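Me: Please take a close look at one part of this model, the mixed sheet and the helices packed around it. I would like a connected account of how the strands are ordered and paired, and of what lies against them.

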Amino acid sequence: MIAFDQVTWKRENRTILQNVTFTMNRGEHWVILGRNGSGKTTMLEMINGYLFPTSGTVQVLGETYGQCDVREVRKRIGYISQSLMDKLALRDPVWEVVASGVHAYLRLYQAVAEETEHRARSLLSELRIGHLADQALGTLSQGERKKVMLARAMMANPELLILDEPCSGLDLYERERFLADLQLMSDRGAQFLYVTHHIEEIMPLFTHVLLLGSGRIEAAGTKHEVVTSDLIERAYDVHADLEWFNDRPWAKVRD
Ligand SMILES: Nc1ncnc2c1ncn2[C@@H]1O[C@H](COP(=O)(O)OP(=O)(O)OP(=O)(O)O)[C@@H](O)[C@H]1O
């Protein structure tokens, strides 16, 4: 599904990723954790084929980057990020924003097939925002906009769904609703790769965690192997006790 083999990325004499090797197998859902600047977004950009390693190889969905048409691979990947959100037209009706995801266009440039509109509307209803379908995107709350992005990404039936801090800016209520919706969407066949700063966002659906520290892998494996007090302390440099509650980890920071 995704394989990094000895991936290194250097910029202006700085090594931003160093010898990163990891494999995400079919059926697994991964979370990437790591401090600010540890290289998480850089990894996501590589998986999307926007950045190429200085050395090492990246394989995604069975294709090796450098030996395939990256644009074809991208069609099989959904990507939810703040920078995509910023590119969406705030005046467009919500259902159109969702429908444009079917071809991964930013806007619709031609008449939409009735079936596409129907699918966009029913995805919005499934995410409990069907009543907002005809409103302009710019009139929605941040939480509702995140759901629109989720619906838009699901329009193309992606095999891999990448989420870069999707819950940033959401209050507790909106965050929990978004995470519940993600759980709802997880049985549609897409595998998730989720970047966050908040370990309690590691929902039951996630199976594995990669912990990144200054461009190197500190740990990678099943979530129960990786999300431990020792490893979290090492990666974040804070003393924390971890507790699992409702199959999610919660950190209590000590002095
Ligand atoms: N194009 C670039 N040229 C030079 N340095 C870069 C470039 N892109 C990223 N970096 C540097 O690489 C490091 C890792 O950046 P990256 O955005 O991947 O971190 P991150 O883990 O996603 O951080 P955050 O959690 O703050 O979003 C940072 O120190 C950043 O300044």
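Reply: What follows goes through the sheet strand by strand, then the helices, and ends with the ligand and a second sheet. The model is a predicted one, and everything below should be read with that in mind.

The sheet is open and is built from 6 strands, which run in the order β6-β7-β8-β3-β9-β10 with mixed pairing. Its edges are formed by β6 (77–80) and β10 (216–222), and because each of these has a single partner strand, one side of each is left without a neighbour in the sheet. On average, neighbouring strands of the sheet are turned by 15 degrees against each other when direction is ignored.

At one edge, β6 pairs with β7 (residues 160–164) in the parallel sense, and the pairing extends over 4 bridges. Within this pair, Gly78 has Leu161 of β7 opposite. Helix α6 (residues 142–155) packs on the sheet here, touching both β6 and β7, and its direction makes about 170 degrees with that of β6.

At the other edge, β10 pairs with β9 in the antiparallel sense, over 6 bridges, and Leu210 stands opposite Ala220 of β10. These two strands form a hairpin with 2 residues between them, and in the turn Ser214 has a positive phi of about 45 degrees. A helix is found at this end as well: α9 (residues 229–236) lies across β3 (30–34), β9 (208–213) and β10, and runs at about 155 degrees to β10.

To return to α6, this helix also packs against other helices, including α5 (residues 114–126), with which it makes an angle of about 135 degrees at an axis separation of 10 Å. The two helices are therefore oblique to each other, and α5 passes α6 in a right-handed crossing. The contact brings Arg119, Ala120, Leu123 and Leu124 of α5 together with Ala151, Met154 and Met155 of α6. By class, the residues of this contact comprise 6 nonpolar and 1 charged, with no polar residue.

Helix α7 (residues 172–185) also packs with α6, at an angle of about 15 degrees and with the axes 10 Å apart. The pair α6 and α7 is therefore roughly parallel, and α6 passes α7 in a right-handed crossing. Here Gly143, Lys146, Lys147, Leu150 and Met154 of α6 meet Glu174, Arg177, Phe178, Asp181 and Met185 of α7. This contact is made up of 4 nonpolar, 1 polar and 5 charged residues. Met154 is listed in the contact with α5 and again in the contact with α7.

Turning to the ligand, the residues around it are Arg11, Glu12, Ile16, Gly34, Asn36, Gly37, Ser38, Gly39, Lys40, Thr41 and Thr42. Helix α1 (residues 40–47) gives the most to this shell, with 3 residues. By class, the shell has 1 nonpolar, 7 polar and 3 charged residues. Gly34 belongs to this shell, and residue 34 falls within β3 (30–34), one of the strands that α9 lies across.

Arg11, also among the residues around the ligand, leads to the second sheet, which is open, has 4 strands in the order β2-β1-β4-β5 and is paired in the antiparallel sense. Its edge strands are β2 (14–24) and β5 (63–64), each of which pairs on one side only. Strand β1 (residues 2–11) and β2 are joined in the antiparallel sense over 7 bridges, and the bridge partner of Arg11 in β2 is Arg14.

How values were computed. Residues are numbered from 1 along each chain as its sequence is written. This is a predicted model: local features need pLDDT of at least 70, side-chain atom pairs count only at pLDDT 80 or more; totals for chains, interfaces and linings use all residues. Two strands pair if DSSP finds at least two bridges between them. Axes are lines fitted to C-alpha atoms, for helices over the stretch in contact, and angles run from 0 to 180 degrees between N-to-C directions. Two residues are in contact if their C-beta atoms, placed from the backbone, lie within 7 Å. Angles under 35 degrees count as roughly parallel, over 145 as roughly antiparallel, 65 to 115 as roughly perpendicular and the rest as oblique. A crossing is left-handed if the near helix is turned anticlockwise from the far one by less than a right angle, and right-handed if clockwise. Ala, Val, Leu, Ile, Met, Phe, Trp, Tyr, Cys and Pro count as nonpolar, Asp, Glu, Lys and Arg as charged, and the others, Gly among them, as polar. A residue is near a molecule or strand if its C-beta atom, placed from the backbone, lies within 6 Å of it.
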